[in-house]
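Here's a quick briefing on a protein model, written for someone just getting started. Have a look at the sequence and the 3D view first, then read on.

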Amino acid sequence: MSARKVVHVLALLLLAAIGNNGNGGGGGGGTFILLVQGQTICNIPVAGLRACKPAVTPPRPSQPTADCCAALSHGDFRCLCSYKTSPLLPSLGIDPKLAVQLPRKCGLPAPPC
């Protein structure tokens, strides 16, 4: 698979994981989330990414939940760093600066980016 296709697949997975609450309602988004439910992004399950979204969404991010931190504990932070400068995160309402701070808020090592 070409690098461009890989980027598009990852973008779709991130959109499904972060941009959808997975409840099956509204425009068929729930159907798509069911297709990727078993997927991981940077070694973090899709459900873990959804659990983390409130903690990285301005203007009033919440503290990360136990589910979010548990998911991050298995994450590949080098992989996650590759999204730091991506225009994809802001387009999903995610502040990359908050995202980089999230592991530390969970008591995990800071990412290498």
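What follows is a tour of the core, the disulfides, one serine and the cavity.

Keep in mind that this is a predicted model. It has four disulfides, a largest nonpolar core of 20 residues, and one cavity of 30 Å³ or more. L102 is a good residue to follow, since the name turns up both in the core and around the cavity.

**The nonpolar core**

- In soluble globular proteins, nonpolar side chains tend to be buried together.
- Which residues touch the most other members of the largest nonpolar core? That would be L72 and L102, out of 20 residues in the core.
- Four helices each chip in at least two residues to this core: α3 (46–52), α4 (66–72), α6 (88–91) and α7 (96–105).
- The largest share comes from α4, with four residues.
- If you skip its neighbours within four places in sequence, L102 is in contact with C52, A55, V56, P64, C68 and L72.
- Two names in that contact list, C52 and C68, come back right away, as they form a disulfide with each other.

**The disulfides**

- A disulfide is a covalent bond between the sulfur atoms of two cysteines.
- Number the bonded cysteines in sequence order and the pairing reads 1-5, 2-3, 4-7, 6-8.

*C52 and C68*

- The sulfur atoms of C52 and C68 sit 2.0 Å apart. This pair ties together distant parts of the chain, with C52 in helix α3 and C68 in helix α4, 16 residues apart.
- Is this disulfide right-handed or left-handed? The torsion about the S-S bond is about 105 degrees, so it's right-handed.
- Both C52 and C68 are buried.

*C69 and C106*

- C69 and C106 also form a disulfide, again with the sulfur atoms 2.0 Å apart. Here C69 in helix α4 is linked to C106 in the segment after α7, a spacing of 37 residues.
- The torsion about this S-S bond is about -75 degrees, so the link of C69 and C106 is left-handed.
- C69 has a relative accessible area of 18%, so it's buried. C106 counts as buried too, because its relative accessibility is 18% and the cut-off is under 20%.

*C81 and C113*

- C81 is joined to C113 by a disulfide, S to S 2.1 Å. C81 belongs to helix α5 and C113 to the segment after α7, and the two are 32 residues apart.
- This link is left-handed, with -75 degrees about the S-S bond.
- Are the two ends buried or partly exposed? C81 is buried at 14% relative accessible area, whereas C113 is partly exposed at 38%.

**A serine in a loop**

- S86 lies in the loop between α5 (77–81) and α6.
- Its relative accessible area is 19%, so S86 still counts as buried, given that buried means under 20%.
- The side chain of S86 reaches the backbone nitrogen of L88 at 3.0 Å.

**The cavity**

- How much space lies in the largest cavity? About 340 Å³.
- This cavity is lined by 23 residues, and the closest to its centre are L49, L80, L89, A99 and L102.
- The elements that give two or more residues to the lining are α1 (3–18), α3, α5 and α7.
- The largest share of the lining, five residues, comes from α7.

Technical notes: Residues numbered from 1 in each chain as written. Predicted model: local features only at pLDDT ≥ 70, side-chain atom pairs only at ≥ 80, totals over all residues. Heavy atoms only, no water. Core = buried A, V, L, I, M, F, W, Y, C linked by side-chain atoms within 4.5 Å. Buried < 20%, exposed > 50% of the residue type's maximum accessible area, 1.4 Å probe, protein only. Contact = heavy atoms within 4.5 Å. Polar contact = N/O pair within 3.5 Å; in protein donor to acceptor, adjacent residues only side chain to side chain. Disulfide = S-S within 2.5 Å. 1 Å grid on protein atoms, 1.4 Å probe; cavity = no way out; pocket = protein on both sides within 12 Å on 5 of 7 lines; lining within 4 Å. Points joined across faces, edges and corners; volume = space filled by probe spheres on them.
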